[in-house]
Amino acid sequence: MTVDVRRLTQDDLPRLRQFWKENWGAEFVVAHGVVYRPDHLEGFIALDDDEWIGGITYRFSESECEIISLDSLHEGQGIGTLLVNKAIEEARAKGCQRISLITTNDNLNALGFYQKRGFELVAVHRGAVNESRRIKPSIPLIGNDGIALRDEIELEMKLIN
Ligand SMILES: CC(C)(COP(=O)(O)OP(=O)(O)OC[C@H]1O[C@@H](n2cnc3c(N)ncnc32)[C@H](O)[C@@H]1OP(=O)(O)O)[C@@H](O)C(=O)NCCC(=O)NCCS
């Protein structure tokens, strides 16, 4: 498999909506009570020939970058790392002091993945997923590994000290 990474463009938006629908159950993502749609975001996609095998989206606000989604369809082959590094590189280039993200209490894999790559736990927003579920009912009650899906966990990496 050869992995190419390229910047997300306007032409990719219909495909990204479909990609989110397939992987996250809807054409939008909810984090800390905010609805994010592909057209509000920047990002990169990973391709094997023309096939989408991963993607990362993020947004900038003031001097911060927030990762909104990260997906790898072929795990354990470096695609997730490649995409996160692209977002970090981009955040640094824009002069951001911080890059952050929200994951959920059941996502033990993501919690390990990000911490191994230098992100630190910042906060547990108890019950935040229960709130998101009001906006996005397709969020399951039970998440990965049979864990009740309830809380948002915020992680960050400081980019400038
Ligand atoms: C979290 C996620 C993005 C990680 O993506 P990934 O493509 O598996 O990530 P990588 O392959 O870069 O890294 C995963 C592991 O594979 C290892 N790996 C990478 N390339 C490898 C290779 N060629 N051979 C063997 N192992 C390899 C990495 O070292 C890493 O292990 P480590 O974390 O112990 O260091 C992916 O699991 C995913 O899409 N999960 C579902 C969606 C999700 O939870 N997103 C995050 C929430 S915001």
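Reader: In what order do the elements of the chain run from the N terminus on?

Author: This is a predicted model. Its chain has four helices and nine strands. From the N terminus on, these elements run β-α-β-β-β-β-β-α-β-α-β-α-β.

Reader: What is the radius of gyration of the chain, set against the globule rule?

Author: Along its principal axes, the C-alpha trace spans about 40 × 40 × 30 Å. For 161 residues the globule rule gives 15 Å, and the chain comes close to this, so it is as compact as a globular protein of that length. The radius of gyration of the chain is 15 Å.

Reader: Which element gives the most to the shell around the ligand?

Author: The space taken by the ligand is the largest pocket. Strand 6 (64-72), helix 2 (79-93) and helix 3 (108-116) are the elements that give two or more residues to the shell. With five residues, the element that gives the most is helix 3.

Reader: How many residues of each class does the shell around the ligand have?

Author: The ligand is surrounded by 20 residues, and the closest are E75, G78, T81, N107 and K116. Counted by class, the shell has four charged, six nonpolar and 10 polar residues.

Reader: At what distance does a polar side-chain atom of E75 lie from an oxygen atom of the ligand?

Author: A polar contact requires N or O atoms within 3.5 Å of each other. A polar side-chain atom of R117 lies 3.1 Å from a ligand oxygen atom, and one of S72 lies 2.7 Å from a ligand oxygen atom. For E75, the corresponding distance to an oxygen atom of the ligand is 2.4 Å.

Reader: What share of the accessible area of the ligand does the protein cover?

Author: On its own, the ligand has 940 Å² of accessible area. Of this area, the protein covers 66%.

Terms used
Residues numbered from 1 in each chain as written. Predicted model: local features only at pLDDT ≥ 70, side-chain atom pairs only at ≥ 80, totals over all residues. Heavy atoms only, no water. Near = heavy atom within 4 Å. Polar contact = N/O pair within 3.5 Å; in protein donor to acceptor, adjacent residues only side chain to side chain. Areas by Shrake-Rupley, 256 points an atom, 1.4 Å probe, with all protein chains shown as cover. 1 Å grid on protein atoms, 1.4 Å probe; cavity = no way out; pocket = protein on both sides within 12 Å on 5 of 7 lines; lining within 4 Å. Sits in = over half its atoms within 2 Å of the grid points. Nonpolar A, V, L, I, M, F, W, Y, C, P; charged D, E, K, R; others polar. Rg over C-alpha atoms; globule rule 2.2 N^0.38 Å.
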